[in-house]
Structures are given as C-alpha cells and as structure tokens.
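Please open the model in your viewer and keep the sequence panel beside it. The tour below suggests what to select at each stop and says what is to be found there.

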Amino acid sequence: MSANSADQGRPLDVVLVKAGRTKIRYAAEPLSDDGTRIAVRAPWSGAGVRDFGFVRFEPGDVFTEYYWRDRWYAVKEVRDATGALKGWYCDITRPATLSGTELVVDDLDLDLWCSADYTDVRRLDEDEFAESGLERTDPQAAAAAVSALDTLEALARGTGFGGLLA
C-alpha cells in the first residue's frame, strides 16, 4: 500500500455519496493501494436480499471493489458465499478520494452490470442520471460519466475486466 493510504490491515470506511448526502457507509478490508487504484473487500452490506431480477445480492456475498483516483468509475467483483463469481457491478462515480480511513466516492447514478460469463451486459439507471440534472449543472462531469459508462461497456463486451483488475 502506498504512503497516502490507510495503515495496512486497518479497516477503511467506504462512503458512497449521492447528491451530496451519504447513501451508504460500510467497513471494508484494504487489499492494495498503488497510489492510483485502491482495492478493498467487503461483505454484502445491504439489509437482507436485493433482487435486481438479473442478479441477487444477499448475505454471504463478498465484493472485491476497485476504486480509482483518476477514473470516473468503480468496479465491484461479486462472489457468492461459496466463492463462485456472479459478475461485476460497476458504479459511475467521480474519482475516489481517500482521507484517513474514509474512502469517499460520489455516485453519479449510472451503473453497469456484467454477468460472470459476459453474456448479460446491462446499462442501468440512465433514467435516474437524466433526472439528476447533471448534464445541465455540470456538463463536463456528465460527459465524463457517460464516457466512463461507454468505456466499461466496451470492456465487458470486448476483452473483459481481467486486464483492468489485474
């Protein structure tokens, strides 16, 4: 881990902010920090099961999460309690910031789901993104968000996430 990261082994609090308010906060185990990309691991932190129709997040699931200080997304590898890969849930966010033991990410509404076998790739919440007004209030951020979603979708439909997360 780099000098600007939390002490190795000391849990981080991942803080997901949406529209200026904390949406969720949870403890995560730091795995690595190369100064640009931060990786953490955390159990599913939701209450009970969240069924999206195309994937279920449930107690026992483990998320290995990758955040970048210079990219507009986060990629979360999702495994079930047995270790079987479910897929990747990608959040479109402003670049992550690490302050002490808080890893803060600003969620910009857009998401991408990619199943473990890459046969199901879905852009999510484009309606919420449009309703957020970001295109009007911060057109540069909106353009960066859409570009990030396009980039992740191209990876999912092309070479996959292996090179990005290695």
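## Starting at strand 10

Select Asp111 and Leu124 to begin: Asp111 stands opposite Leu124, a residue of strand 11. This is a predicted model, so please read each stop below as a description of that prediction. The two strands brought together here, strand 10 and strand 11, pair in the antiparallel sense over 4 bridges. Follow the chain between them and you pass through the turn of a hairpin, where 5 residues lie between the strands and Tyr118 has a positive phi of about 65°.

Now colour the whole of strand 10 and look at what surrounds it. Of its 14 residues, 11 are buried, so strand 10 is largely enclosed by the rest of the structure.

## The neighbours of strand 10

Next, select strand 9, residues 97–99, which pairs with strand 10 in the antiparallel sense over 3 bridges. Ser99 is the residue to pick here, since it stands opposite Glu102 in strand 10. These two strands also make a hairpin, this one with 2 residues between the strands, and in it Gly100 takes a positive phi near 65°.

Add strand 1, residues 12–18, to the selection: strand 1 and strand 10 pair in the parallel sense, over 6 bridges. To find a point of pairing, choose Leu16, whose bridge partner in strand 10 is Val105. Then turn to strand 8, which runs antiparallel to strand 10 and is joined to it by 6 bridges; here Cys90 has Leu112 of strand 10 as its bridge partner.

## Aromatic rings

For the next stop, show the side chains of the aromatic residues, among which the structure holds 13 aromatic pairs. One of them is formed by Phe52 and Tyr89, a tilted pair with 6.0 Å centre to centre and 35° between the planes. This pair links distant parts of the chain, as Phe52 lies in the loop between strand 4 (50–51) and strand 5 (56–57) while Tyr89 lies in strand 8 (residues 85–93), 37 residues apart. Phe52 is partly exposed, with a relative accessible area of 23%, whereas Tyr89 is buried, with a value of 11%.

A second tilted pair is made by Tyr118 and Phe161, at 6.3 Å centre to centre and with 35° between the planes. Here too distant parts of the chain are linked: Tyr118 is in the loop between strand 10 (102–115) and strand 11 (121–124), and Phe161 is in the loop between helix 3 (139–157) and helix 4 (162–165), 43 residues apart. Tyr118 is partly exposed at 29% relative accessible area, while Phe161, at 0%, is buried.

Before moving on, select Trp44, Phe52, Phe54, Phe57, Phe63, Tyr89 and Trp113 together, as ring pairs link these residues into a cluster.

## Last stop: Lys76

Finally, select Lys76, which lies in strand 7 (residues 73–79). Is Lys76 buried or exposed? Its relative accessibility is 10%, and because buried means under 20%, Lys76 counts as buried. Which residue should you show beside it to see a polar contact of 2.7 Å between side chains? The partner is Asp91, whose side chain is joined to that of Lys76 by this contact. Beyond its neighbours within four places in sequence, Lys76 is also in contact with other residues, including Tyr26, Phe63, Tyr67, Trp88 and Tyr89. Two of these, Phe63 and Tyr89, belong to the ring cluster visited at the previous stop.

Key. Residues are numbered from 1 along each chain as its sequence is written. This is a predicted model: local features need pLDDT of at least 70, side-chain atom pairs count only at pLDDT 80 or more; totals for chains, interfaces and linings use all residues. Side-chain values use heavy atoms; hydrogens and water are left out. Rings of Phe, Tyr and Trp (its six-membered ring) pair if their centres lie within 6.5 Å; planes under 30 degrees apart count as stacked, over 60 as edge-to-face and the rest as tilted. Buried means under 20% relative accessible area, exposed over 50%, partly exposed in between (1.4 Å probe, protein chains only). Two strands pair if DSSP finds at least two bridges between them. A polar contact is a pair of N or O atoms within 3.5 Å; within protein, one must be able to donate a hydrogen and the other to accept it, and residues adjacent in sequence count only if both atoms are side-chain atoms. Contact means heavy atoms within 4.5 Å.
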